[in-house]
Amino acid sequence: MNDPTPAAAARASRPAPPPIPLTIVTGFLGAGKTTLLNRLLAAPELADTLVLINEFGEIGLDHLFIEKIDGDMVLMSSGCVCCTIRGDLVNMLEDLLRRLDNGRIRPFKRVVLETTGLADPAPILHAIMYHPYLTMRYRLDGVVALIDAVNGTATLDAHEEAVRQAAVADRLVITKSDLPEGAAQLAALKERLARLNPGARQLDAAKGEATPEALLNCGLYDPETKTPRVKEWLNAEAVEAAQEEAHRHDHDHHGHAHHHHDANRHDAHIRAFCFSSDAALTPASFDIFIDLLRHTQGPRMLRVKGIVALADDPARPVAIHGVQHVFHPPHRLEAWPDGDRRTRIVFIVKDLDEAFVHGLYGALVNQPAPDRPDAQALADNPLAPAPGGLLG
Ligand SMILES: Nc1nc2c(ncn2[C@@H]2O[C@H](COP(=O)(O)OP(=O)(O)OP(=O)(O)O)[C@@H](O)[C@H]2O)c(=O)[nH]1
């Protein structure tokens, strides 16, 4: 229906605003996405950038680690953007446009979406590329996939999501080649990535090659430039989206809308949990906690990140980052990033039981599990060291 008011007429006569470039930053768990974003957001080219961060698991911590943000930031947690909250991503992108048009948020010139490390990028690309309104207002500027040189080869062997992330990318950013373990695998990794995605430029983050100029303005995302497998994935998404639409239509028709949710898209063994505690560890117990987790559970811990209160300086927590068996040196923060002063650690694990972590932490802060004495909790705990190990 035509709206005859002068305001509507003025709106209608305004030229359509240029589409807003949208960059997707993906890469497996712990590959270095937040680290790269922090560096990029400090650059003048990224002024007025709106950052969307999607986290896997109930409690997101990434926003605490983003140091400098010129634009706004929206955290989407409790689900992975590629599956459970795919509809939410579309709604959010539409909602941001409404707010922008109504002047209810600070204008932004660019959007960067950081996916979860477990995201399959195909449904995200599909949602953005084939949505009639979003394609008018956003210009998919490119997909940047990060690959960690230390864990990259093993991750590509074990996780199809990582293969897909690398295969759909316009830019492949290799991180951690500065670490000896990463440098040793670099040549083979680069060769593998070139086979997987011959059209994508490879950039070495440690050599300073992942600059805004190299990563932004990749041009409109074009699946035609990708290998045939990528096109297959995107087509599969088109079929699934059509099925979802039909399914939704059926349900709406019968008066009960139903949100389709493919919970099995990720490996059923992978899950996320957030551990929190009011009790502070001593620095020595903290070292033991990390060593025990690393040595006994390394391969099961896909990603560990958190902020930990230490008894020697509880006002300055320690940030920890673990990626499989590799724990990056923890660093002291100058202050707590928000009002919550509890130790909070997010674990993304494969076949690791949350109760083990609680038991170990409890034992180290002298808070044994209620049904077991302290030593017993440690001895029963699969995290407990083997005889002759650190505590053995
Ligand atoms: N040595 C080295 N460390 C790096 C590099 N890039 C990232 N890191 C470290 O790797 C760890 C994980 O980095 P993040 O940026 O949090 O990784 P992420 O991909 O955002 O992690 P998730 O959001 O959990 O998937 C941190 O300790 C970083 O300091 C690099 O190029 N070299």
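How many helices and strands are there in the chain? I looked this up first, in what is a predicted model. I found 14 helices and twelve strands.

**Entry: the chain as a whole.** I then checked burial, and 39% of the 392 residues count as buried. I also looked up contacts between residues at least 6 apart in sequence; 75% of these join residues at least 24 apart.

**Entry: the ligand.** I listed the residues that surround the ligand and obtained 21. The closest are Gly32, Thr35, Gly117, His321 and His328. Sorted by class, this shell has six nonpolar, nine polar and six charged residues.

Which elements each supply at least two residues of the shell? I noted helix H2 (33-41), strand S9 and strand S10 (318-323). H2 gives the most, with three residues.

I next asked where the ligand lies with respect to domain 1 and domain 2. Domain 1 (16-236) and domain 2 (270-380) both give residues to the shell, so the ligand lies between them.

**Entry: helix H12.** I turned to H12, which has 15 residues and runs over residues 283-297. From its first C-alpha to its last it reaches 21 Å, close to the 21 Å expected at 1.5 Å a residue.

Which residues of H12 are buried? I recorded Phe286, Phe289, Leu292, Leu293 and Gln297. These residues cover an arc of only 130 degrees around the axis, which puts them on the same side of H12.

Finally, I looked up what covers the buried residues of H12, and the cover includes strand S9 (301-308) and helix H13 (354-364). I had already met S9 among the elements that supply the shell around the ligand.

Notes: Residues numbered from 1 in each chain as written. Predicted model: local features only at pLDDT ≥ 70, side-chain atom pairs only at ≥ 80, totals over all residues. Helix = DSSP H or I, 4+ residues; strand = E, 2+ residues; numbered from the N terminus. Expected span 1.5 Å × (residues − 1). Buried ≥ 20, exposed ≤ 12 C-beta atoms within 10 Å, placed from the backbone. Arc of directions from axis to C-beta. Contact = placed C-beta atoms within 7 Å. Near = placed C-beta within 6 Å. Nonpolar A, V, L, I, M, F, W, Y, C, P; charged D, E, K, R; others polar. Domains from an automatic or database assignment.
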